[in-house]
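The following questions and answers examine a protein model. Please consult the sequence and the structure shown here.

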Amino acid sequence: MAVFNRQKFGIIGTMDDIKRKVRQQFAQSAESYVTSSIHAQGFDLPKLVEFAELQGTERVLDVGTATGHTALTFAPHAAEVIGIDLTPDMLEIARQQAQLKKASNVIFMTADADQLPFEDRSFDRVTCRLCAHHFPGLSRPLAEMYRVLKPGGILLVVDNVAPEDDALDEWVNRVEKLRDPSHVREYRVSQWLDALEQAGFEAEAVLHFTTPLQIDTWTKQSRTPGDIIKQIKQHLDEADADQKRTFEIRTGQTYAFSVHKAVFRAKK
């Protein structure tokens, strides 16, 4: 796997510290993820079902399920879906959503991606959407996802990704970390592919896209303090020409930028 300097890119603290920050952050903002257009209505959700090639008999695991958007999207197309997350507050909302949608084949449970409480080769598909940038690292959760997949099974990952250029990488990870202290790292596509291959998968990036983010809305969702919002806007103001072009930065009356994302399809 490609090596990078954890401290240089702001990855500090023990694994337990990072996971504690994740629980704290998402416990306070859980309600906002139910209606978040990025999480609830992303066009990548139906694409994931398409890439999964489901026949209706599969057992699916959704890692980092949050309020259950991915798990509930897969529910009509699979025999059983289990959604796991570190944050009980998120899972309580996911259960409420499952009841509203009458999704009787979905189970939500508290669990850690670094130590999945499931037997080897027990799932046909594993999904992980918009949460891996909160993992303390990739190797342990990917090894666990590989372990619980049956031979021939498919892992589908969606996450924010950083450009391959060091300066652009640092810029976007800084703005993400300012907004949400539980953010660990947006990895580069090359780092994702290396990590997936190291875990034993045959992997490819099957979709690249960008999502525009309006700063006031984005920071409201995470309950970012006002003084930090000012720092984020200053960060956008001080962006150079390459950063403005790459991230489609807008400043002035409305502050906004676009985050890059990728979908990875990995086969065991």
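Q: In which loop does Arg223 lie?
A: Helices here are DSSP runs of H or I of at least four residues, strands are DSSP runs of E of at least two, and both are numbered from the N terminus. This is a predicted model, in which local features need pLDDT of at least 70 and side-chain atom pairs count only at pLDDT 80 or more, while totals for chains, interfaces and linings use all residues. Residues are numbered from 1 along each chain as its sequence is written, and side-chain values use heavy atoms, with hydrogens and water left out. Arg223 lies in the loop between helix H10 (215-221) and helix H11 (226-237).

Q: Is Arg223 buried or exposed?
A: Buried means under 20% relative accessible area, exposed means over 50%, and partly exposed is in between, with a 1.4 Å probe and protein chains only. The relative accessible area of Arg223 is 55%. Arg223 is therefore exposed.

Q: What is the phi of Arg223?
A: Most residues other than glycine have a negative phi. Arg223 is not a glycine, yet its phi is positive, at about 55°.

Q: Where is Glu53, and what is its phi?
A: Glu53 comes just after H4, in the loop between H4 and S1. At 47% relative accessibility, Glu53 counts as partly exposed. Glu53 is a residue other than glycine with a positive phi, near 55°.

Q: Which residues of helix H4 are buried, and within what arc do they fall?
A: In helix H4 (residues 44-52), the buried residues are Asp44, Leu45, Leu48, Val49, Phe51 and Ala52. Seen down the axis of H4, they line one face of the helix, because the directions from the axis to their C-beta atoms fall within an arc of 165°.

Q: How many residues of strand S4 are buried?
A: Strand S4 comprises residues 123-129. The strand is largely enclosed by the rest of the structure, because its buried residues number seven of the seven.

Q: Which strands pair with S4?
A: Two strands pair if DSSP finds at least two bridges between them. Strand S1 (residues 59-63) pairs with S4 in the parallel sense over four bridges, and Val60 stands opposite Arg125 in S4. Six bridges join S4 to strand S5 (residues 149-160), also in a parallel arrangement. The partners of S4 thus include S1 and S5.

Q: Which residue in S5 stands opposite Cys128, and through which helix does the chain cross from S4 to S5?
A: Cys128 stands opposite Val157 in S5. The β-α-β crossover from S4 to S5 is right-handed (with the strands pointing away from the viewer, the path from the first strand over the helix to the second runs clockwise), and the chain passes through helix H7 (residues 139-148).

Q: What covers the buried residues of H7?
A: The buried residues of H7 are Pro141, Leu142, Glu144, Met145 and Val148. They cover an arc of only 160° around the axis, which puts them on the same side of H7. Their cover, counted by contact (heavy atoms within 4.5 Å), includes S1, S4, S5 and helix H9 (189-198).

Q: Why is Cys128 not bonded to the closest cysteine sulfur, and how many disulfides does the structure hold?
A: A disulfide is a pair of cysteine sulfur atoms within 2.5 Å. The sulfur of Cys128 is 3.4 Å from that of Cys131, which is too far for a bond. Cys128 is buried at a relative accessible area of 2%, and Cys131 is buried at 10%. The number of disulfides in the structure is zero.

Q: With which residues is His133 in contact beyond its neighbours within four places in sequence?
A: His133 is found in the loop between S4 and H7. At 7% relative accessibility, His133 counts as buried. Leaving aside those neighbours, its contacts are Asp159, Asn160, His183, Val184, Arg185 and Glu186.

Q: Where is Ile249, and what separates its C-alpha atom from that of Leu213?
A: Ile249 is in the loop between helix H12 (241-246) and strand S7 (256-267), and is buried, with a relative accessible area of 13%. Its contacts beyond four places in sequence include Trp171, Leu236 and Phe257. Leu213 is 36 residues from Ile249 along the chain, and their C-alpha atoms are separated by 9.6 Å.

Q: What share of the residues of the protein chain count as buried?
A: The protein chain has twelve helices and seven strands. Of its 268 residues, the share that count as buried is 56%.
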